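User: I would like to learn how to read a structure like this one. Please take one feature at a time and begin with the general idea.

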Amino acid sequence: MDKRFAPTTGTVLPRFAGIATFMRLPWLQEGDALLEEVDIGLVGIPWDGGTTNRAGARHGPRQLRDLSTLVRNVNRASGINPFALCNCADLGDAPVNPVDLDDTLARVERFLAAIHARGIAPLCAGGDHLVTLPVMRAIARGRPVGMVHFDAHTDTWDRYFGDAMFTHGTPFRRAIEEGLLDPRRTVQIGIRGALYRDAEDDWGERQGITIIDIDEMKRLGVEETIRRARAIVGDGPTYASFDVDFLDPVYAPGTGTPEIGGATTWEAQQLVRGLRGLDLVGGDVVEVSPPFDASGNTALVGATMMFEILCVLAEARHARRRR
Ligand code: MN
Ligand code: MN
């Protein structure tokens, strides 16, 4: 492990002390020479202008940083220490414009494109789910990615309120239309909740997306769900997007569009661990909305899921470097 990238250990500085960065990693800004050596960048995207109902996810990154200080280095289940495999750093928050959607999409894309140009894989913390679109624009142009998508919602709607094309309900429709996301290599897990109208999921399925809704997921169980998801995304570059509303609101009440009858935190951890060995190129945890869970429990869940994704991403990144 490169000591300069080691998370501050809780045996020297207690984990409740000091300035909160993602997982107690060093915080690097543009201009820092150490940036050249970063493999994985943890990035906040504090923006919720795509939210159609209960706003608040703009406050996600700050609370996620705070609660991520509870995370330790080694994943007990897999034995993976992501910080030993890769140089990880907190790259701060992407610049956003709280009152301008188009400007925000452009700013976030530019920020992530600069990270991508350095060969750094992003692990982002939203923000509402629309923030995944500019991330994909930055990393998937000319190289469409597959995706394992954990969510109560498909986020493949077309428009909202007439002609609004960009909301947290539309990112994956836009990503497919823009050639960033390969629908035949996309699986959406945990989908549930009432619809505005029947056959709402049809567009995505017609494009080739596979939906494993929550009932099917529970019926199949964790292992078979993993097996199917892996078969769908295959060996190609793959993005992991984790909307915290995938979880039942008893585990994650702090989110904008909760849906009951969701996954447990245990199931979520098992499923992400099951992505080991895939060619992950980036990921995110989105829709953590602190105003709806002042206890911070939802952010703890979100930060821990970031760690689970980081473990798989670090192993993939390490494997990529060696081949
Ligand atoms: Mn979503
Ligand atoms: Mn959702």
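Analyst: Start with pairing: two strands count as paired if DSSP finds at least two bridges between them. This is a predicted model, and one bridge in it links Phe150 to its partner Ile189 in β5.

User: How many bridges join β4 and β5, and in which sense do they pair?

Analyst: Strands of a sheet pair through backbone hydrogen bonds, either parallel or antiparallel. Here β4 and β5 pair over 5 bridges in the parallel sense. Strand β4, residues 145-150, is also joined to β7, residues 238-243, by 5 bridges, and these two run parallel. One of the bridge pairs there is Gly146 with Thr238 of β7.

User: What is the order of the strands in the sheet?

Analyst: The sheet is open and has 8 strands, with parallel pairing, in the order β2-β1-β3-β8-β7-β4-β5-β6. At the edges are β2 (88-93) and β6 (210-212), each of which pairs on one side only. On average, neighbouring strands of the sheet are turned by 15 degrees against each other, direction ignored.

User: Which strands does helix α3 touch?

Analyst: Helix α3, residues 101-117, packs on the sheet and touches β1 (40-45), β2 and β3 (121-126). The direction of α3 makes about 170 degrees with that of β1. Helix α7, residues 214-233, also packs on the sheet, where it touches β4, β5 (181-189), β6 and β7. The direction of α7 makes about 155 degrees with that of β5.

User: Is β5 largely enclosed or not, and why?

Analyst: A residue is called buried when its relative accessible area is under 20%. In β5, 8 of the 9 residues are buried, so the strand is largely enclosed by the rest of the structure. For the chain, 57% of the 323 residues count as buried.

User: Can the same reading be applied to a single residue? Is Ile214 buried or exposed?

Analyst: Ile214, which is found in helix α7, has a relative accessible area of 5% and is therefore buried. Leaving out residues up to four places away in sequence, Ile214 touches Gly190, Ile191, Arg192, Gly261, Gly262 and Ala263. Asp198 is 16 residues from Ile214 along the chain, and their C-alpha atoms are separated by 17 Å.

User: Next, the metal. Which residues are the protein donors of the manganese ion (ligand 2)?

Analyst: A donor here is an N, O or S atom within 2.8 Å of the metal. For the manganese ion (ligand 2), the protein donors are Asp151 (OD), His153 (ND1), Asp243 (OD) and Asp245 (OD), with Asp245 (OD) listed twice, and they lie 2.0 to 2.5 Å from the ion. In sequence, the spacing of these donor residues is D-x1-H-x89-D-x1-D. Asp151 and His153 are buried. Asp151 coordinates both this ion and the manganese ion (ligand 1), and the two ions are 3.2 Å apart.

User: How compact is the chain, with its helices and strands?

Analyst: The chain contains 9 helices and 8 strands. Its radius of gyration is 18 Å, close to the 20 Å that the globule rule gives for 323 residues, so the chain is as compact as a globular protein of that length. The C-alpha trace spans about 55 × 45 × 40 Å along its principal axes. The chain exposes about 13300 Å², of which carbon and sulfur atoms supply 51%. Of the contacts between residues at least 6 apart in sequence, 78% join residues at least 24 apart.

Methods. Residues are numbered from 1 along each chain as its sequence is written. Chains are lettered from A and ligands numbered from 1 in the order in which they are written. This is a predicted model: local features need pLDDT of at least 70, side-chain atom pairs count only at pLDDT 80 or more; totals for chains, interfaces and linings use all residues. Side-chain values use heavy atoms; hydrogens and water are left out. Helices (H or I, at least four residues) and strands (E, at least two) are DSSP runs, numbered from the N terminus. Axes are lines fitted to C-alpha atoms, for helices over the stretch in contact, and angles run from 0 to 180 degrees between N-to-C directions. Contact means heavy atoms within 4.5 Å. The radius of gyration is taken over C-alpha atoms; the globule rule is 2.2 Å times the number of residues to the power 0.38. Buried means under 20% relative accessible area, exposed over 50%, partly exposed in between (1.4 Å probe, protein chains only). Accessible areas come from the Shrake-Rupley method with a 1.4 Å probe; for residues, only the protein chains shown count as cover.
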